[in-house]
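Me: I am new to this structure. Please take a close look at one part, the shell around the ligand, and then show me what surrounds that part.

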Amino acid sequence: MSNLQFEAPETVEDAVRLLADADGEAKALAGGTDLLVQLRTDFVRPGLIVDLKRIPALMDVTANGEEIRVGAAVSGATLGKNEAVKAAWPGVVEALELIGSTQIQGRASLGGNLCNGSPAADSVPALIAAGAVCEIAGPAGSRSMPVEDVITGPGQLALGPGEIVVSFVMPKPPPRSGDAYLRFIPRTEMDIAVVGAGVALTLDEAGVCTHARLGLGAVAPTPLLVADGAEALIGTTVDDDALANLAAAASAACNPIDDKRGTIEYRVKVAGVLARRAALIALERARSNG
Amino acid sequence: MATAKQEIGNGNGSLKYVGTRPWRPDGVDKVTGRAKFGADISLPGMLVGRMLRSPHAHARIVSIDTSAARALPGVKAIVTRDELPDIPNQWVPAGEVAVNYRDMSQNVMAREKALYDGHAVAAVAATSTAIAKQAIDLIEVDYEVLPHVIDVREAMEPDAPVLHDDMFTEGVEPTPETPSNVFKKVEFAHGDLDAGFAQADVIVERTFTTKPVHQGYIEPHAVVASAGEDGQCEVWCCTQGQFTVRAYCANLLGIEIGKINVTPSEIGGGFGGKTVVYLEPIALRLSQLAGRPVKMVMSREEVFRASGPTSGGAMTIKMGATKEGKITAAKAWIAYQAGAFPGSPIGPGCMCVFAPYDIENAEVEGYDVVVNRPKVAAYRAPGAPISEFASEGVVDELAKKLGIDPAEFRLMNAAKEGTRALYGPKFGPVGCIETLEAARQSEHYSTPLGPNQGRGIATGFWFNIGGESCATINVNEDGTATVIEGNPDIGGSRASIQLQAAEALGIPPERVRPLVADTDSIGYTFLTGGSRVTFATGMAAIDAAGKVVEQLRERAAKIWDIPVEAVEWEDGYAKPSGSNAGDFEPMSMAEIAAQAGKTGGPIAATATINAQGAGPGFGTHVCDVEVDRETGRVTVLRYTAVQDAGKAVHPSYVEGQMQGGAAQGIGWALNEEYIYDKDGRLENPGFLDYRMPVASDLPMIDAVIVEVPNPNHPYGVRGVGETPIVPPMAAVAAAIENATGVRMTDLPMSPPRLLEAMDNGGANGGA
Ligand SMILES: Cc1cc2nc3c(=O)[nH]c(=O)nc-3n(C[C@H](O)[C@H](O)[C@H](O)COP(=O)(O)OP(=O)(O)OC[C@H]3O[C@@H](n4cnc5c(N)ncnc54)[C@H](O)[C@@H]3O)c2cc1C
C-alpha cells in the first residue's frame, strides 16, 4: 500500500515546488469536491496532495477599475456573497452557484471546476463567455491563458507538471453589458450538465450589440468558445432573427457524443435552445445596466 | 367523504388512540443519529469482508486462483464457490413465498457462470480494508466470456444467448425440448374474449415498455456475522426480515435454524429490496473459516450492480368499450425480466393488470424471462406498477376516444364489493370507487391549467397480504407495557403497533414501548413486506393485549375478591361491572402491576396469528405537469394521491407512505433507468446518473386518506405501503399526453425521449 502524503503550503512558490518535485503523482486540492470523490473510488491514486486553500492569492477576490480577479480556490459560497462580482458578472457567479448543493457550495471552486477537466463543468462556459483569463504559476514562472484554452480533452489540461491556476481575471464590463449561464439537467439539481451555455454581450446606446461571446459546455470533448455565435449577435439588436442565428451557430458548433447523459441529436438541439435563452437573459441584464 | 364509518374499537365504539398522530417511537433516535443501522455494528476482533465481482455480463468461470491472495499477510479467509454447499435445483416454500436455494446460492456466489456485471465471484476477510482490497486484486479469475442478453424481448428470441441450459419453459404444453430464457408462462382468463370485443364500439391496443428500477434505499446492505466455536452463529444486518435471513443462511450453508440468531438493525429503507440475502451467508461463511466476526458493507456501486431492482417489462394491452363507456373485453400479453435467475413478479403483474375494473371478459398471459442483469427483488407492490402503467394508459386512451372524462370512465367500470377479480376471488368491501370519487371531487381535479400544462389521473390496485406474526406484551412493574414483535420497522410500523396495542390495553401510547426483537426473542414472524405489518402484526399485538387485559381483570378480581366476570376493563382501569359486583374504586394498570408479585407473578402474554383477509388497497392519483416543448423537460406542478387506508392508524405515516410511493413512482416515470453498455456493463451505478428525483424536483404531494374499513381487522385496517407506487407512472403519462398530445408508452419519459416523440408528432413505443 502506498502512503498518501498531505501538504498545506502558504505560498504559491511552495505549492508549485511541492507539486513539481513530487516523486509519484501529485494532486492539487482546492475544495476537494471532485478530488475526494475520485480518491474514494480509486479513480486517482496520488502519492501527494497539496492543499491550496492556505495560499492568500488563491483565496482572494479583488476588483479595481479595470478588472476583477477571483482566486482559483474561492468557494461558491464566498463568491456568491460578493456584490461587486455579482453585479459585474452575474452569469459567472450563478454558474458557480449551480454546482452541487449547499454543502458542496461551501467548498467547490472555479479553479477546481476548470482543472478537473470535465467538458461539462458548469462554470467554464460562463467564464469563457466572460472572457476570463487564467493566471498560471509553475516551475518556469507565471503565464496567462484564456479559459477556453485550458481544457484540451476530457480530463486533459494545457497545464504542465507543477503548474497551478492562481486566479481568474475578468474585465470590468462596460455599461450596457450582461451575461448569463443556463444548463440543462433532467433534474433540478445534483446533476451534471447535459448541455451548458454561457452568453455575454454589450449593447451600444442604440441597443445594437457591439460585443458578444458564447461559451458551450458538454457538447464536445472540451468546453467551446463559439465565434459564430458572437457574429450572429454583433451588429444586431438581438432580435428574433439574430437569436435564431445564434441558436443555429450553437447547434452547428456541437460535436457531442451519445452517452448515458444524452444523445447527440438531443444535445445539438438543446444547445441552440439554451444559447438563445441565455442570450435573452443577458440582453435583459444589459438593457437594465444602462 | 361519503364513506361508511363502521362501529369498531375497544368496546365503546370509538377509537381513542388509533387515528391520532403521536411522535414515532423511533423518531428522536433517527434524527439525532443515535439509531444503529447495519454498518454501525462493530465487534471485537472483527474482520473486513470484501467481494470480488464479475466485470462480465455473461461468462464461464474457468478457474479462480486465490493462492496469491491467501498468502497476503492479514488475509484470514477466502470464500469462492468451492466453500459453499452445492444445492439441488428445487423450489421449496419459505414463509409466504417459494424459493429455489440453488439459484439463491448461485446468486450470492457465482458457480459455473457469472451471469451479470457485478455478480459475486469471491469474497475475502482481512484485518483491514486496505488488505482486503489488495487481496481482491490478487485473486485471478479466468473467464470465458459468453454472448449476453439484457433486453427482455431479445431474451425471448429463439437465437438469444441462453443463460441456463436446464431451463425448459414451464406452463406450456408440451414442455419444450430446447432450453430457453423463458422460465414459465402463466395465464388467467374469464368470460368470452371474442364476444367481449365484438360488443365493443372502440378498441385500443398498444405496446408498452418499462425499465427495471431500483428501490433506491439510502442505506446500502450491511452485515456483521459471527460464527462461534460451538457452532452458534450471530448475524446483525439491515433487513426486512430477520427470520428470512435466518432461514436463508441456514439453508445456503447447511446450518440448523436454531443455531443462528439474527438481529435486525435499524433499516435505512428497503421497499422490498431487503427481503433477500446477498452478503449475509457469505459473511457468515467467512466468519466460520476465519474464526472471527466479519463485517461486510456494500458500496453504492455494488448496490446498483448486484442487488435486485424490480423487473423491466414489455406489455401489449388491448381493451374494448361500448360508446356508453362500458369496458367489454381486455387482453394482456406481459413479459417481465427476472434478472439472472427466474422469479420476476409476473404472477402479481398479471393478476393486477385489470384489477381496478369489473370486466366480464378478460385474458392475460405472462412470461418470466431471465436476462444478464442482477436478479430482481421485490419493490413496493412487486409487478403491479409495471402492468398497471400499461393498462391504465389504454384506459385513459379509451376514455379520450369515447369523449368521457377519465375519472368518470373509470367510475363507470370500477371494481366494487362483489366484483370477481380475474385471478379468482370476489372482492369484499373495497375503496376503488371511493378513491375515484374523492379525486374527482377534489379542488385539484377542477383547477384550470395554463399553457403547456396537462393533467392526468390513474388508479392502482394492490392485494396486500396478511400472514404469520407473533407479538408479546410484557407489563412492567409501573404499569407501562412493552410490545415485542418481529418486523423491522421500514415504514413507521412501530408507531402503528404501539397505537394498536395502546388502544387494546386502554392506556396512552407513550406508556407502550414497541421493540423489534431478534429471532431468538420472538416467535416466527414473516418479513416486513406486502403491506402486512400494521394489519397482521397489529392483530397479533391486539390479541396479546386482549390476553393481558384478561390477566389484569383476573388480578383485580383477586385483589377485590370478586369473580372475574364481575370485573370490566375500561380505559386502562379495572372496574366493578355494576353496583352488585361490589363498591370498589377503579384500579389502574399501574396499581395492578405493582401488586403482580402478590397476585400470581408477572403479567405477560404472547399471541400468534396467521392473518387472513388483508383488505386490498386502491389508490387514485391526480398529476399536473408542465412540459418544456423545446427541451422535453417535464415539471410536476401539482400532485394529489388518494388512497383507501381502511383505517389510518397513524395518519401521518399513512400520508408519508402515499407521498413516498408517489415520489418513487414519479422517478420511475420520468428519469430512472439502468444504462448498460454494449458489453452488458452497467454505466450508471450511482445516484448521479441513476436519476431518482431530488427534493426540489417534486411539489408537495397532497395525500387524501379515504377509509373503507376492512371487516377482517378489529379497527378496519388495510395495508397502505405499496398501493401508492402503482398509479404514478400512468398518471404522469396521461398528464403529458394532456399537455402535448403525445402518448408516451415507453418509460422513462426522459427529456430526450419526450422531445423526440414531440418532434415526431406522435406516440413513441411500438404502438
Ligand atoms: C454532490 C456533487 C455535486 C456536484 N455538482 C456539480 C455541478 O452541478 N456542476 C459541476 O460543474 N460540477 C459539479 N460537481 C463537481 C465539483 O463540485 C466541481 O467541479 C467543483 O467546482 C470542483 O471544485 P473543487 O474546488 O472542489 O475542486 P477539487 O476537487 O479540489 O479539484 C478538482 C481537480 O482540479 C485540480 N485543481 C484544483 N484546483 C486547482 C488549481 N488551482 N490549479 C490546478 N489544479 C487544480 C485538482 O487537482 C483536481 O484534479 C459536483 C460534485 C459533487 C460531489
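Reply: What follows starts at the ligand and works outward.

A word of caution comes before the details. This is a predicted model.

Start with the shell itself. It holds 30 residues. Which of them come nearest to the ligand? They are A:A30, A:G31, A:G111, A:G112 and A:N113. By class, the shell has 17 nonpolar residues, 9 polar and 4 charged.

Now look at the elements behind the shell. Four elements of chain A supply at least two residues each. Two are helices, α2 (35-40) and α8 (110-115). Two are strands, β2 (26-29) and β10 (164-171). Helix α8(A) gives the most, with 4 residues.

The shell also crosses a domain boundary. The assignment for chain A gives domain 1 (5-51), domain 2 (56-171) and domain 3 (177-288). Domain 1 and domain 2 of chain A each provide at least three residues of the shell.

How do these two domains meet? Their C-alpha centres lie 18 Å apart. In domain 1 of chain A, 11 residues are in contact with 19 residues of domain 2 of chain A. On the domain 1 side, the largest share comes from helix α1 (residues 12-21) of chain A, with 5 residues. That side has 7 nonpolar, 3 polar and 1 charged residues.

Step back to chain A as a whole. It has 12 helices and 14 strands. Its radius of gyration is 19 Å, and the globule rule gives 19 Å for 290 residues, so chain A is as compact as a globular protein of that length. Its C-alpha atoms fill a box of roughly 60 × 45 × 35 Å along the principal axes. Of the 290 residues, 50% count as buried. Contacts also reach far along the sequence. Among contacts with a separation of 6 or more, 65% join residues 24 or more positions apart.

Chain A has a partner. In chain B, 19 residues are in contact with 16 residues of chain A. Two elements of chain B give two or more residues to its side: α4 (129-138) and α21 (751-759). Helix α21(B) gives the most, with 3 residues. The chain B side divides into 8 nonpolar, 6 polar and 5 charged residues.

Next, take one residue of chain B, B:V654. It sits in helix α19 (residues 651-670) of chain B. Is B:V654 buried or exposed? It is buried, because 25 other C-beta atoms lie within 10 Å. Leaving out residues up to four places away in sequence, B:V654 touches B:A645, B:A648, B:I705 and B:V720. B:P751 is 97 residues from B:V654 in sequence. In space, these two residues are 32 Å apart, C-alpha to C-alpha.

Last comes a sheet in chain B. It is open and has 3 strands, in the order β22-β23-β24. The pairing is antiparallel. The edge strands are β22 (567-570) and β24 (587-588) of chain B, and each pairs on one side only. Strand β22(B) pairs with β23 (residues 573-576) of chain B over 4 bridges. B:W569 stands opposite B:A574 in β23(B).

Return to the ligand to finish. The shell draws on domain 1 and domain 2 of chain A, and α8(A) is its main contributor, with 4 residues.

Definitions and conventions: Residues numbered from 1 in each chain as written. Chains lettered and ligands numbered in written order. Predicted model: local features only at pLDDT ≥ 70, side-chain atom pairs only at ≥ 80, totals over all residues. Contact = placed C-beta atoms within 7 Å. Nonpolar A, V, L, I, M, F, W, Y, C, P; charged D, E, K, R; others polar. Domains from an automatic or database assignment. Rg over C-alpha atoms; globule rule 2.2 N^0.38 Å. Buried ≥ 20, exposed ≤ 12 C-beta atoms within 10 Å, placed from the backbone. Near = placed C-beta within 6 Å. Pairing = 2+ DSSP bridges.
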